[in-house]
Structures are given as structure tokens and as C-alpha cells.
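User: Hi! Could you take a close look at a single part of this model for me, starting from one residue and working outwards? I'd enjoy one connected account rather than a list.

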Amino acid sequence: MIGIENRTTMQLHVCSLSKLDTVASAIRPNRVVSLVRLDPMVATPDGIAPEHHLRLSFHDITTPQAGMVPPTEKHVIELLAFARDWDRRAPMLIHCFAGISRSTAAAFIVACALQPATEEERIADALRAASSSATPNARLVAIADSALGRYGRMVAAVRRIGRGADAFEGQPFSLALDGF
């Protein structure tokens, strides 16, 4: 096993692209979110219904750059709708290329959306405790902060936990949404 607790309710799991199949096989999610800019896009892992695999294609950037696609409000709206439609009977698996920035931002966003009464700082602290390398994409978090009406608190919480430890690839981890 790869160090991920296999609890099935209210779990968000995060990993890199290289660990996607291994983690999916270990935890058997019913939802997968791919946050990568690849052509062709990531194949749906075995056992996942195609409609339960959200693919969001953008680069891991925080400011617009020529020839690159930044995260947009449309991406965040799609992520929020997908998360809110999740029945939470089996885990959701979120991945990006390295499992450090886009995927950790998405996990933070989903946790904030599904736990509206939980303080952003508690969720950010849980994220940091789960992953020393987590460095949520600031642009993605800022867009979600506005969409969720969190009035800058999501941005402030992520800024407070700071940049994670340097890593080429993050280790797979999980967040228990019912643990806040």
C-alpha cells in the first residue's frame, strides 16, 4: 500500500499523475478530477464511469503568460458543480501533474465548498498536516474564494500556511471532510 488510509466516506485523495492508477486502484474512488494540460487528456481510470471523471485543462500558472492557459472562473465553476454532485459514498480522487499545486488547490476548494461552516484556516491546516509539499495554486484559490463568497479568507489561509517543502512530486495524501 502507498500510505493512504482506505476509508470510504467523505474522503478527498490527492496524488500526482504518475500515481493516478496506483491510488485509484487502492482507494476505488467514484469521482476523479484531472487538472492537467495534456494532449491527449488523461484516460479515465478503470472502474470509473466516464461521467464521473472531470477533466480541467489549464497550466499551473498564477498570472497569464503567452501560450499558456491560466485557471479561470469557468474551471472553478465546473469543479464546484462536480463536487456538489458527489454522493460521498466513495472517495474523490484529485490529481494534477505533480500533486503539489493544482490538485491541492482543488482539494482545498472542494473541502471549503462542502464544509461551508468550517473555517478556512482549519481546512488549510489540515491540508498542510496531510502534505508537507502542498502549495495550492493561488489563482485557483482566489477565483474560488470569490465564487464561494469567502471574502478573502481562503486566500489568507493558503497564504498563511505558505509554500510547501520543495519536491518534484508530492506524496499521495487524503483529507477526511468529516474530520474538521
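Analyst: Happy to. Let's start at A167, which counts as partly exposed because its relative accessibility is 39%, a value between the 20% limit for buried and the 50% limit for exposed. Please keep in mind throughout that this is a predicted model.

A167 sits in the loop that leads from helix α6, residues 153-161, to strand β5. If you set aside the neighbours within four places in sequence, A167 is in contact with I100 and S133. For a sense of distance across the model, take E78: A167 and E78 are separated by 89 residues in sequence, and their C-alpha atoms are 29 Å apart in space.

Following the chain on from that loop brings us to β5, which covers residues 173-176. The two faces of β5 are not alike: F173 and L175 make up the covered face, while S174 and A176 make up the uncovered one. The partner of β5 is β1, residues 11-16, and the two strands run antiparallel with four bridges between them. Within that pairing, Q11 faces A176.

From β1 we can step across to β4. These two strands run parallel and are joined by five bridges, with V14 opposite I94 as one position to look for. β4 itself, residues 92-96, is mostly covered, as five of its five residues are buried. M92, I94 and C96 point one way from this strand and L93 and H95 point the other way, with buried residues on both sides.

The next step is from β4 to β2, again parallel and again with five bridges. Two positions help to register the pair: R31 has M92 as its bridge partner, and L35 stands opposite C96. What sits on the two faces of β2, the strand at residues 31-35? R31, V33 and L35 are on one side, V32 and S34 are on the other, and all of them are buried. Since five of the five residues of β2 are buried, this strand is largely enclosed by the rest of the structure.

β2 also pairs with β3, residues 53-56, in the parallel sense over four bridges. There, S34 has R55 as its bridge partner. So that you can trace the pairings in one go: β5 pairs with β1, β1 with β4, β4 with β2, and β2 with β3.

Two of the connections into these strands deserve a look at their backbone. Most residues other than glycine have a negative phi. R28, in the loop between α1 and β2, has a positive phi of about 50 degrees although it is not a glycine. R28 is also exposed, because its relative accessible area is 62%. R88, in the loop between α2, residues 73-84, and β4, likewise has a positive phi, of about 65 degrees, and is not a glycine. R88 counts as partly exposed because its relative accessibility is 23%.

Just before R28 in the chain comes I27, which belongs to helix α1, residues 20-27. Buried or exposed, how does I27 count? It counts as buried, because its relative accessibility is 2%, below the 20% cut-off. I27 and A90 are 63 residues apart in sequence, yet their C-alpha atoms are 8.4 Å apart in space.

Finally, let's set all this in the whole protein. There are six helices and five strands, and from the N terminus the order is β-α-β-β-α-β-α-α-α-α-β. Residues 24 or more positions apart account for 71% of the contacts that have a separation of 6 or more. Of the 180 residues, 52% count as buried. The radius of gyration is 15 Å, which agrees with a compact globule, because a globule of 180 residues would have a value near 16 Å. Along the principal axes, the C-alpha atoms fill a box of roughly 40 × 40 × 30 Å.

On the surface side, the accessible area comes to about 8,400 Å², of which 50% belongs to carbon and sulfur atoms. As for charge, the protein has 19 positive and 18 negative charges, and their mean positions are 2 Å apart.

Key: Residues numbered from 1 in each chain as written. Predicted model: local features only at pLDDT ≥ 70, side-chain atom pairs only at ≥ 80, totals over all residues. Heavy atoms only, no water. Rg over C-alpha atoms; globule rule 2.2 N^0.38 Å. Buried < 20%, exposed > 50% of the residue type's maximum accessible area, 1.4 Å probe, protein only. Contact = heavy atoms within 4.5 Å. Areas by Shrake-Rupley, 256 points an atom, 1.4 Å probe, with all protein chains shown as cover. Lys, Arg positive; Asp, Glu negative; His and termini not counted. Charge placed at Lys NZ, Arg CZ, Asp CG, Glu CD. Pairing = 2+ DSSP bridges.
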